[in-house]
Amino acid sequence: MQNVKAAAPGGGRLRRRMLVKGLVQGVGFLPFTYRLAAELGLSGWVRNVNPGVLILVEGEPRTLDTFERRLTSELPAVARIDGLQADDRPARGPLGSFRVRRSRAWSEPAVPVAPDLATCPECAREIADPRDRRYRYPFTSCNVCGPRYTVVTQLPYERTGTTLSPFQPCARCQSECDDPQSRRFHSQTISCPECGPAFWIEPSPPPSPAHDVVAEVAELLLGGSIVAIKGLGGFHLTCLADDEQAVSVLRRRKRREGKPLPVMVADLDAAERLVHLTPTGRALLLDRAAPILLARKRVTSALAPSVAPDSPDCGLMLPHTPFHHLLLADVRRPLVMTSANLGGDAIVSCNEEARRRLSGLADYLVLHDRHIHVACDDSVTRLEAEGPVPVRRSRGYAPSPIVLKRDLPPILALGGLAKATVAVTCGRNVFVSQHLGDLRTGSAAEAFHHTVEHLLRLWDLRPELVAHDLDPSSLGSMVAHQFGGRAIGVQHHHAHMASVMAEHGVVEPVLGVCLDGSGFRSDDESWGGEFLLGDAVGFQRVASVPRFRLPGGEAGARYAWRTAVGLLWDLLGPEAAREWTGRVRSSQAERDAVLSMLESGVACTGTTSLGRMLDGFAAIVGLCDHSPVQVQAALRLERAAGAPRAIDTPSLPDPRQGGTEVVRAVLRRLLSDGRDPANAAALAAWTQAAISRWVALTATELAACHGIGQIVASGGCLFNPWLRSALRDAARAQRLTLLLNRFVPPGDGGLTLGQVYVASAVAEGTRR
Amino acid sequence: MTAGCTSRAFSPEQVADARVLLAHGSDGALHRELFDMVIAPALGPVGPSGNGCAVEETQARAWAFATDGYVVRPPFFPGGDIGRLAVSGTVNGLATRGARPASVALGLVLEEGLPLRDLSRLLRSASAAAQEAGVRIAAIDTRVVERGAADRVFVQASGVGWVDGEPLNARRIRPGDVVLVTGTLGDHGIAVLGERDGLRLGCQVESDVAPVASLVLGLRLAGVELHAAHDLAGGGLAAALHDLCAVADQTVVLEEDALPVRPAVREACDLLGLDPWMVANEGNMALVLPAAQADAAVQWLHAQARGAHAARVGTVVASRRQRVLSRNAAGGERIVPMPRGGRFPRIC
């Protein structure tokens, strides 16, 4: 903050010009400023400009100081001030009574776009009040809630720059907009049943006494139908979550086996009936981002078994639009609310596409005519001991910036392959996009291009640096040269490590513990269990999970047993592999083929992946059959193991023998005890303990021996509670700092933040 | 001249046991003998009249030329060998522009020690393929290199043909056109990989290697309008469509369920971590034609021995950012990437 304040001669009136930066547009900041200035009797005006909000006020110096203090201390809950520049000069004559002026585009573009905000309690009350003119109006919003990122087409934020621009506010809405005392003073998303967008159902439902669309949809759902509903960032597929018949039909149509389906409930009480909630969990459900919270199911929960068949957890969220509030109140039962997409595809968000692609999945489509400019999946959050950790950072969070400690050059980061995001930078802000899906699908690739173009255009950015994954088959690598900037390839696990460093502002060397399923190293080699010593510029691999080969490469790893054969062959030898393979309930020809691939080396790729290794263990413990797995095998091992707990230490292999010996010891024990299914849970826990202990000890010893005080851990495996707690305990015992992701997912959704951090450091290094 | 070299390496009866000597490439007499005793008899009536430049007469207006190298490992595989492959591949290459193949020329690089019966066998099968395709092997040359400098046998094949009517051209592809394949996908690649280094895929797949120019020419003669054709050698259907789409500046959407794939090939692909569209064929063509012609084309192809499994597999749509996509039954679209080399070299 820089303040140039002229001494006021004789305590005369001053004119103060203030530029406020941060999350100040679309969050009720303008009306707030107006009310404050009016209350203090200041003259002048306020307007949105590209970099933020510009205020010009005249008054007594003391009053101006009060104004400035209260501006920063009493601002709306959703708003956030990142910087305030003020300069004073003597008053030059009357500015007139304080007013809000039309926004104006400036050449300096930096204002964040607000994320979409869940319906606020006041709006929720209005739509439930039969006397209110917005009673049961499903597009009710105000200055602190409603659609933002998904409807914004250009900046600065105002109605003509949103997809609401075709809807001209009626006289009554306009008068609310003009009324400084209204919650909708200068609201850009204001509408009402008279003038706003509307919902309808296709095909027309059977005649019913229902008096509006929401009530009709409620009846369809109560009748067991599967309905696709257009929401904030795209379509949901919805059905009764306590109706096994409906849920299993939905699962079959969506071709989604295993993975839990998210559920929406009306309120916290309804949530408590289904899952166990902590105070943090309750607060998170009520958060304006309204993410899906992963929480432990109650034994007594009324959820249909198919909602989350393999998992002790279930994803839960509260209504985040007026439509959802009304629907849940009408249905009075929990609803499955899963993104309308197909196997990694991007979420369906436009009406035409929904008619084309969802007609076979849903019995009815519930459409509205407010266009979704940016499709945005629901966010998913898990509660860890350290606090909430994003599994998927999307609706409600994107595109809020991660604010770094120093300015960055304009950077575009293109992310990875699955769970993709992109990011752009502006000043100290890193705007990480919504979740885009698996870029190997056509629709996610389209969303990727659309989002990159949209973000660059929003802030009028010309990237100097374009960061991408080293994998030449990733979409980012293929298009990195199209943006004019210098392309910088960032190794997958280096980006994971740097994502944590960026969040915590770390510049000095760290030990990075990067644990996941796979990340590109070369065409024949993937990484995934790496101990990296380095900083944002570069790294040295100081240890890894023992290397083994995957017969059939990453595609073959869908079959956990094939991974197990590779693991056994390369760590215990061909005999052990052959013997165990004989037990697999697959055809003789298939087993023989897999063995011959390892023997000949044809079609095998090497890996040091912890995730793949845990897959292999799960297969040997007997937790997977011979068919391809939908849910990762490693997750089954984790679930069978239960919560992390102390395991009789002498029974565990000594981690000081090194990774290879530890893995061999685990494999030997699994081979001898793994036949008995009754043993599976205990064996899974023992395996988790043995591996986690080795990972944690390796990390702390390497840190000690290189004189490093900070361990940085990232990668999708960081959601494994055994690994997380072992690292946490070991770091604490050795008085080392353990740093983890808090704002971006430790999985591949967080890669873009790391890519930004590495690219800026590399560019700075080469300039020097 | 290598020591121990004699003027006569073998008698006709000894061909069965004899091997290629380095001197077969450098000693004129031995070279002549190889031609007379092994090459000419193996090639039979379609073979060259002399061991040199051929002269052919024609009134053709537009000529088509094509050349390709063949380094398949192993050179003998279920359903064919490098001789049949070289002739078929070259003939099929000519047909992709709608040319009627006339003659091919073969340049053989032999590794010292190659059994002559292997040489004879591959040449006889080259001859059979030439007869099938109705072309002459107008010229042939052999070179011999030391052990280890080549892997048994490499072939460089060239072909000429003439074009009746308008040449096929990817630039003629329009949105709404239909993509056909004339046979099942991936047979050749899997047949070759199945013979590799002790790999036991446990499936009986024969290469589809065959000259299929007659399918393309036959369709045109039958009055079917074709816009473009591409063989499926090298990178399979995926590479073929990427090539065509890049020239045409269009996008192709495949229907995953419509792709003709033998169950054994599907199983092998599953084991090797491959998609059938990435795996090469040597007797299969991708054809692009107006939708109105598609049914007639498929019907005609089904009546042909080498077109029995022909199928309509995709549609051309206006250019999108992704060139080739595959749609599954549920409507989800996967990107079909241009296959990247490296993992499975020397399929053809």
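In the predicted model, chain B contains nine helices and 13 strands. The radius of gyration of this chain is 21 Å, close to the 20 Å that the globule rule gives for 348 residues, so chain B is as compact as a globular protein of that length. Along its principal axes, the C-alpha trace of chain B spans about 70 × 50 × 35 Å. Of the 348 residues in chain B, 54% are buried, and the accessible surface of the chain comes to about 14000 Å², with 50% of that area belonging to carbon and sulfur atoms. When contacts in chain B between residues at least 6 apart in sequence are considered, 84% of them join residues at least 24 apart.

Strand 6 of chain B, formed by residues 153-163, shows an alternation of its side chains. B:Val153, B:Val155, B:Ala157, B:Gly159, B:Gly161 and B:Val163 point to one face and are buried, whereas B:Phe154, B:Gln156, B:Ser158, B:Val160 and B:Trp162 point to the other face and are not buried. Strand 6 of chain B is joined to strand 1 (residues 62-70) of chain B by nine bridges, and these two strands run antiparallel; within this pairing, B:Asp68 has B:Ala157 as its bridge partner in strand 6. Strand 6 of chain B also pairs in the antiparallel sense with strand 4 (residues 99-111) of chain B, over 11 bridges, and the bridge partner of B:Ala99 in strand 6 is B:Val163. Both of the strand 6 residues named as partners, B:Ala157 and B:Val163, belong to the buried face of the strand.

An open sheet of seven strands is also present in chain B, with the order 8-10-7-11-9-12-13 and mixed pairing. The edges of this sheet are strand 8 (228-231) and strand 13 of chain B, each of which pairs on one side only, and the twist averages 25° from one strand to the next. Within the sheet order, strand 9 is followed by strand 12; strand 9 (residues 251-255) and strand 12 (residues 324-327) of chain B run parallel and are joined by four bridges, with B:Val324 of strand 12 as the bridge partner of B:Val252.

The segment after strand 13 (333-335) of chain B holds B:Pro339, a residue that is partly exposed, with a relative accessible area of 25%; this value lies between the 20% under which a residue is called buried and the 50% over which it is called exposed. Leaving aside residues up to four places away in sequence, B:Pro339 touches B:Gly235, B:Ala238, B:Ala239 and B:Met278. The C-alpha atom of B:Pro339 is separated by 9.1 Å from that of B:Val279, although these two residues are 60 residues apart along the chain.

In chain A, helix 16 (residues 574-581) has A:Ala576, A:Ala577, A:Trp580 and A:Thr581 as its buried residues. Seen down the axis of helix 16 of chain A, these buried residues fall within an arc of 125°, so they line one face of the helix. An α-helix has 3.6 residues a turn, so residues three or four places apart point the same way. On the other side of helix 16 of chain A, A:Glu575 and A:Glu579 are exposed. The buried residues of helix 16 pack against four helices of chain A, namely helix 15 (560-572), helix 17 (588-600), helix 18 (610-621) and helix 20 (659-673).

Notes
Residues numbered from 1 in each chain as written. Chains lettered and ligands numbered in written order. Predicted model: local features only at pLDDT ≥ 70, side-chain atom pairs only at ≥ 80, totals over all residues. Heavy atoms only, no water. Buried < 20%, exposed > 50% of the residue type's maximum accessible area, 1.4 Å probe, protein only. Arc of directions from axis to C-beta. Contact = heavy atoms within 4.5 Å. Pairing = 2+ DSSP bridges. Axes fitted to C-alpha atoms, helices over the stretch in contact; angles between N-to-C directions. Rg over C-alpha atoms; globule rule 2.2 N^0.38 Å. Areas by Shrake-Rupley, 256 points an atom, 1.4 Å probe, with all protein chains shown as cover.
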